[in-house]
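Hi,

Here is the structure I said I would pass on to you. Have a look at it first, and then read my notes underneath.

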Amino acid sequence: MPVSPSSSAQAAREAVARRLRDLRKEAGLTVVELADRCGWHHAKTSRIENARTGPTARDIRSWCSAVGAEDQAENLIVQSVNAESMYREWRHQVRGGLKQLQENSAQIFRQTELFRVYSSTLVPGLLQTEGYATGILRTAARFRDLPVDDSAEAARARVDRSRVLHDPGRRFVLLIEEAILHCQMAEADAMAAQLGYLLTAGALPAVSLGIIPAATSERTQWPRETFHVYDDRLVSVELVSARVRITQPSEIALYLKAFEQLRSMAVYGAEARQLILEAIESLR
């Protein structure tokens, strides 16, 4: 069973905090003495050491200078930046708009050869049509109270990003719960087009599309949070408040184990197409 999806981020923060605390103790300084040398209140030192506040690059350089460990500053800065990037609230990620959020994912797409996606909520972004994506992103813009709704532009960027499906040398293993086929997140015509595209995309040579039927008996895994696995090095989990990036090997292994168990319950080929056709028929 996967542990809390934010645990990798917290563990990384705590590792940086422990190292800073150890450096202070090795230098023989109290919390107050280090704070005086750094020019801040001692409460800030305690918050950093207890991983309640993430240190800035300037904080780390000041800390290392105060304890005579300037040579360790840059490595700790890198560790701290990586820790903070693991758990990023959506409110920070959407500041530049939804279109920019789509474009920010382009690099990891270019670097990945094997995509594994499990979704219990929506058609995976890689398989979304522009009309369906617009409906999803417009809902997100309203929920986030964004000052500018660029959902239409973001939807086009998402579809452009999905052209990776046709790149040679890449493989896509995609799993969805059947309920997604009946969750109408766009107008009826757009929803029908989306379901029709699933029939087409599911037949692409590089794509394996599995659907877990609602009537599956004795499930070995209950519906999980939506997650994406990029090769064997990164898991991205989508929460209501944040996106979590998991890089700890032991946690990645748990998500891969869950993915394989979910995959074993899915239907493929003709059986999957029949479920999609039934969903299309239900729109009429």
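Ile176 has Ile211 in strand S4 as its bridge partner. Strands S3 and S4 pair in the parallel sense, over six bridges (two strands pair if DSSP finds at least two bridges between them). From S3 the chain crosses through helix H11 to S4, and this β-α-β crossover is right-handed: with the strands pointing away from the viewer, the path from the first strand over the helix to the second runs clockwise. The helices (H or I, at least four residues) and strands (E, at least two) are DSSP runs, numbered from the N terminus.

Before going on, note that this is a predicted model, where local features need pLDDT of at least 70 and side-chain atom pairs count only at pLDDT 80 or more, while totals for chains, interfaces and linings use all residues. Residues are numbered from 1 along each chain as its sequence is written, and side-chain values use heavy atoms, leaving out hydrogens and water.

S3 (residues 171-177) also has strand S2 (residues 114-119) as a parallel partner, joined by six bridges. There, Phe115 is matched with Phe172 in S3. S3 is mostly covered, with six of its seven residues buried (buried is under 20% relative accessible area, exposed over 50%, partly exposed in between, using a 1.4 Å probe and protein chains only).

Now for H11, residues 188-201. Its 14 residues should span 20 Å at 1.5 Å a residue, and the end C-alpha atoms are indeed 20 Å apart (the expected span is 1.5 Å times one less than the number of residues). Which residues of H11 are buried? They are Ala190, Met191, Gln194, Leu195, Leu198 and Ala201. Seen down the axis, they fall within an arc of 140°, so they line one face of the helix (the arc is that of the directions from the helix axis to the C-beta atoms). They pack against helix H9 (130-143), strand S4 (207-212) and helix H13 (269-282), with contact meaning heavy atoms within 4.5 Å.

Last, the charged pairs. The structure holds eleven salt bridges, each a side-chain nitrogen of Lys or Arg within 4 Å of a carboxyl oxygen of Asp or Glu. One of them joins Lys44 and Asp59, with the closest N and O atoms 2.9 Å apart. This pair links helix H3 (residues 42-49) to helix H4 (residues 57-66), 15 residues apart. Lys44 is partly exposed at 21%, whereas Asp59 is buried at 10%.

Cheers
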